[in-house]
Amino acid sequence: MNTPELLAPAGTPEHLETAFAYGADAVYAGQPRYSLRVRNNSFKDVAALGAGIERAHELGKQFYLVSNIAPHNDKVRSYLRDLEPVLEQKPDALIMSDPGLIMLVREKWPDQPIHLSVQANAVNWATVEFWRRQGISRVILSRELALNEIREIRDRVPEMELEVFVHGALCMAYSGRCLLSGYMNHRDANQGACTNACRWNYKQVQHGHDQTGDLIATCGSSDVQEMTPKEILLEEPNRPGSFIPAYEDEHGTYIMNSKDLRAVQHVAELAKMGVHSLKIEGRTKSTYYVARTTQVYRRAIDEAMQGKPFDMNLMDELEALSNRGYTEGFLRRHMPREYQTYEQGSSFLGTQQVVGTITDTDDQWLTIDVKNKFAPGDHLELISPAGNIQFSASIMENRNGQAMDYAPGSGHIVRIPKPADLPETLEHSYLTRILPSAHSN
């Protein structure tokens with residue numbers, strides 16, 4: 001059983017450093033103009049990309065460049081020109097989805113490794129074999145596959161590296177091929193500008209019809225019809241007796257809002273199949289998200305390789321993150337209601353909240369750059385690449401040594417007593433507050 005690669009997102013240099021500090025083997029970031037990772041992407045020019053790639057290679061790690069846009073003619077026209085200086089920075093692979101662009105890259109740079117993006121929707125072994133014959137070195141499998149299907153693909157095309165998503169946001173469209181954002185507000189998800197319109201809050205508005213029969217609003221935006229909570233069952237005419245639930249309350253309705261993927265419990269089985277890379281989704285996510293998910297999946301991989309039984313505490317550690325509820329996705333068969341979040345579109349807070357980052361330490365004190373309010377007596381956890389510890393701080397003071405009853409929030413610097421058993425390195429460390437409900441459980 002080979003140890004699978006742990007692949008983490010890196011939209012900024014800070015995300016890159018955090019991912020590697022917490023155990024990632026490789027990171028991926030979007031190519032300017034040609035990826036679906038336009039938002040929250042600091043690698044917007046060749047120099048920035050080059051610095052990120054160089055840093056990854058200094059650490060003996062891999063850097064994959066996402067170039068998976070669905071290109072129209074104008075972008076095909078400029079693609080090779082814009083890609084050439086990027087490839088001079090020597091990314092370890094391009095992540096691509098469009099057959100035409102793949103053809104152009106293979107013709108001009110035949111030795112450049114290419115990974116097939118999840119956007120290409122590879123869902124069967126014949127598709128994977130086809131791409132192997134085109135010179136693709138790795139296929140990122142569609143999210144809509146069950147464990148037994150992944151196993152069959154592995155068995156039938158053993159020469160191909162396979163990559164599988166194990167954590168992060170799921171799209172209501174087929175592995176992200178969605179037109180909703182473009183339809184609702186003219187920002188095309190397939191051009192890297194998704195606004196997550198599937199997760200928006202939609203409310204009923206009073207309306208009538210114009211002379212052509214089109215619906216028109218009959219009230220101003222501030223005069224929204226008062227809504228009462230409703231529960232609706234949708235029935236398809238061709239499937240009588242098969243109902244789809246839709247819940248509508250004072251917040252709106254969220255019939256397209258998927259739960260988040262969490263497959264840490266399947267790491268060992270995926271590794272036994274021979275899956276080469278386990279991928280964490282992380283578009284627009286914080287560095288704390290990268291730290292926490294990378295740390296948990298690193299431990300899951302290492303313990304699986306040591307033959308240890310799965311530790312259910314890893315599931316609980318991921319509950320610390322804000323999430324939309326968790327699902328195993330399509331890896332195992334579930335009822336549709338277990339995929340979707342019908343009650344709300346926003347994230348659940350999670351069992352922990354980041355309250356600050358560690359900026360300095362001495363023999364007695366930890367210095368905290370505060371992000372959220374916390375106070376002496378709160379149950380805290382220090383998250384670091386070297387390990388995590390839980391403790392409570394009895395006192396708190398500001399940078400001038402004056403006692404404080406609480407840290408108000410972002411923009412403040414405070415000091416708390418240094419806990420025992422502190423990890424040796426505190427770079428890329430986070431301080432979290434364990435929320436009272438989670439602590440009582």
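## Glutamate 303 and its helix

Glutamate 303 is found in helix H9 of this predicted model. Buried or exposed, where does glutamate 303 fall? At 16% relative accessibility it counts as buried, because the cut-off for that label is under 20%. Once neighbours within four places in sequence are left aside, glutamate 303 is in contact with Lys308 and Asp311.

Helix H9 itself covers residues 287-305. It has 19 residues and reaches 27 Å from its first C-alpha to its last, close to the 27 Å expected at 1.5 Å a residue. Of those 19 residues, 16 are buried, so H9 is largely enclosed by the rest of the structure. Glutamate 303, with its 16% relative accessibility, is one of the residues in H9 that counts as buried. Just after the helix comes glycine 307, which takes a positive phi of about 80°.

## The sheet under H9

Now for what the helix sits against. There is an open sheet of seven strands, paired antiparallel, and reading across it gives the order S19-S18-S22-S16-S17-S21-S20. Strand S19 (387-392) and strand S20 (397-398) are the edge strands, each pairing on one side only. Helix H9 packs on this sheet, touching strand S16 (352-361) along with S18, S19 and S22. The direction of H9 makes about 80° with that of S18.

Inside the sheet, strand S18 (residues 379-384) and strand S22 (residues 430-434) run antiparallel and are joined by four bridges. If you want a spot to click on, leucine 382 stands opposite leucine 431 in S22.

## Strand S1 and its parallel partners

At the other end of the chain, have a look at strand S1 (residues 5-9). Five of its five residues are buried, so this strand, too, is largely enclosed by the rest of the structure. Which residues cover its two faces? Glu5, Leu7 and Pro9 lie on one side, Leu6 and Ala8 on the other, and all of them are buried.

S1 pairs in the parallel sense with strand S14 (residues 277-280), over three bridges. Here glutamate 5 has serine 277 of S14 as its bridge partner. S1 also pairs in the parallel sense with S2, over three bridges. In that pairing, proline 9 stands opposite tyrosine 28 in S2.

## Rings and charges

Tyrosine 28 turns up again in a charge-over-ring arrangement: the charged end of lysine 279 sits over its ring, 4.4 Å from the centre. There's another such arrangement at tyrosine 289, where the charged end of lysine 285 sits over the ring, 5.2 Å from its centre.

What about ring-on-ring pairs? A search of the whole structure finds four aromatic pairs. One of them is phenylalanine 130 with tryptophan 131, an edge-to-face pair at 5.1 Å centre to centre and 80° between the planes. The two partners see their surroundings in their own ways: phenylalanine 130 is partly exposed at 44% relative accessibility, whereas tryptophan 131 is buried, with a relative accessible area of 9%.

## Positive phi away from glycine

A couple of backbone spots deserve a glance if you're checking torsions. Arginine 33 has a phi near 75°, a positive value in a residue other than glycine. Where does arginine 33 sit? Its place is in the loop between strand S2 (26-30) and helix H2 (46-58). With a relative accessible area of 42%, arginine 33 is partly exposed.

Aspartate 421 is also a residue other than glycine with a positive phi, in this case near 60°. Its place is in the loop between strand S21 (413-417) and S22. Aspartate 421 is exposed, with a relative accessible area of 70%, because the exposed label starts over 50%.

## The chain overall

Zooming out, the chain has eleven helices and 22 strands. It runs to 441 residues, and buried ones make up 49% of them. How do the contacts split by sequence separation? Among contacts in the chain with a separation of 6 or more, 66% are between residues 24 or more positions apart.

Note on methods: Residues are numbered from 1 along each chain as its sequence is written. This is a predicted model: local features need pLDDT of at least 70, side-chain atom pairs count only at pLDDT 80 or more; totals for chains, interfaces and linings use all residues. Side-chain values use heavy atoms; hydrogens and water are left out. Two strands pair if DSSP finds at least two bridges between them. Contact means heavy atoms within 4.5 Å. Axes are lines fitted to C-alpha atoms, for helices over the stretch in contact, and angles run from 0 to 180 degrees between N-to-C directions. The expected span of a helix is 1.5 Å times one less than its number of residues. Buried means under 20% relative accessible area, exposed over 50%, partly exposed in between (1.4 Å probe, protein chains only). Rings of Phe, Tyr and Trp (its six-membered ring) pair if their centres lie within 6.5 Å; planes under 30 degrees apart count as stacked, over 60 as edge-to-face and the rest as tilted. A charge sits over a ring if NZ of Lys or CZ of Arg is within 6 Å of the ring centre and within 35 degrees of the ring normal.
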